[in-house]
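Notebook open, coffee poured. Today I want to look up how the strands fit together in this one.

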Amino acid sequence: MKKSIVIFVLCTLLLSACNANQLPGQNTTTAATPPGSSTAAQTTTANVQPTPATTTEAPAKLSDYFPLTVDVHLKYRGTGNEYASFDIYVDYAKDNKMQVRKNNGGTETVLVYEIRDNALVCNYSRGETYYRYDYTAMTDGDDVLLKEPLAAGTTWTAKDGSQRSITAVDKQIDTPAGSFKAIEVTTTRKDSVNKDYYAKGSGLVKTEYNSGNAAMTVVSELEKVEKDVPFKHIVRFYFPQFEKDRIVYMEREIAIKTNEDMKYQFQKELKTIPESSGLGKTLTKNTQVLGIVLDDEKDTVTVDLSSDFIKEMNAGTTLESMLVNSITNTFGSYYMKGKVIITIDGKPYESGHILMKPGEAFTVKTEGIVEYK
């Protein structure tokens, strides 16, 4: 089992400001000598005091501080703990929500953030998640990370009951990625203090944890920002090798961008086999993956395929069984589920050889299956 660790909170914040216009500073008027005066005409200049230039700064608000950044990779350098270094990728960014993936070398954790009710909250966190799936509709309780007004002294209660407050709004912070003016958010607990620093245009640039007696300090600092970078991971795909009466797997590196649906990757890769390999394509030419739904309580993943799979399969009992097992092992292994429900256009799987009941699942069986070489 991979290790689980304390999750450092991430959110991306931006500041904005407006410049006021410069007003005219002087006005000149001319006074004429009245008619009949015995003196020469005189010209008088009336000086008007310059109007001071004014600069107004727009009130800070959360919508300015939380851009829905896509295809970005944030790398953090850590000291004080083996898990203090981590990488962040953005899985989804939509509807004032952002789902990010944090990899600290020991585990991958998915976190969902949302701007709502004048606050930035983390509404969902899930550890040991090594696959791409949209959890933006999920919630396990709100943890308020930042709260309006965005000014020193703003205080609120965190999800665990601790006190969290903005303790500075213009803190000088130096990191491997550069120097920043940052907002300091302090979380005070019975036996520890945590400080998070958010900078204009850069988001979280530093986080610092101190135990109550200062016996331990853990620091994570922004080291590098990469844009237009997809999330890459290794995925195992299963295929029938009919001539040898067996199923084999192939591992491929899959690059997936923010907001992309993994179903299209499965649809493509399960139709791709090396030339002269003797492998069969797991999905037929026109088969589409219509949807993927996870159910943790039932330990199932439901895969909905288009009816082209049944129409184009043209397989006997043995080959169809191998195709179904290849689908089952591919989706079950990737989503870490023991059972796979295969539906056709939303209805239970039905062919000339196999008839499934509503909700009936195929079991993942990967033991003894070897890698294709």
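Below are my entries on the strands and their pairing.

**Ground rules.** The model is predicted, so I keep in mind that local features need pLDDT of at least 70, side-chain atom pairs count only at pLDDT 80 or more, and totals for chains, interfaces and linings use all residues. Residues are numbered from 1 along each chain as its sequence is written, and side-chain values use heavy atoms, with hydrogens and water left out.

**The whole sheet.** I found 12 strands (DSSP runs of E, at least two residues, numbered from the N terminus) in an open sheet with antiparallel pairing. Pairing here means that DSSP finds at least two bridges between two strands. The order reads β6-β5-β4-β3-β2-β1-β12-β11-β10-β9-β8-β7. At the edges sit β6 (143–147) and β7 (155–157), each paired on one side only. Neighbouring strands are turned by 30 degrees against each other on average, direction ignored (axes are lines fitted to C-alpha atoms; angles run from 0 to 180 degrees between N-to-C directions).

**Around β12.** Which strands pair with β12? I noted β1 (residues 72–79), which runs antiparallel to β12 (residues 217–227) over 8 bridges. Tyrosine 76 has leucine 222 in β12 as its bridge partner. On β11 (residues 203–211) I counted 5 antiparallel bridges to β12, and asparagine 210 is bridged to threonine 217 in β12.

**The turn.** β11 and β12 make a hairpin with 5 residues between them. In that turn, alanine 214 has a positive phi of about 60 degrees.

**One strand further.** β10 (residues 192–199) runs antiparallel to β11, joined by 8 bridges. Lysine 195 finds its bridge partner in glutamate 208 of β11.

Key: Helices (H or I, at least four residues) and strands (E, at least two) are DSSP runs, numbered from the N terminus.
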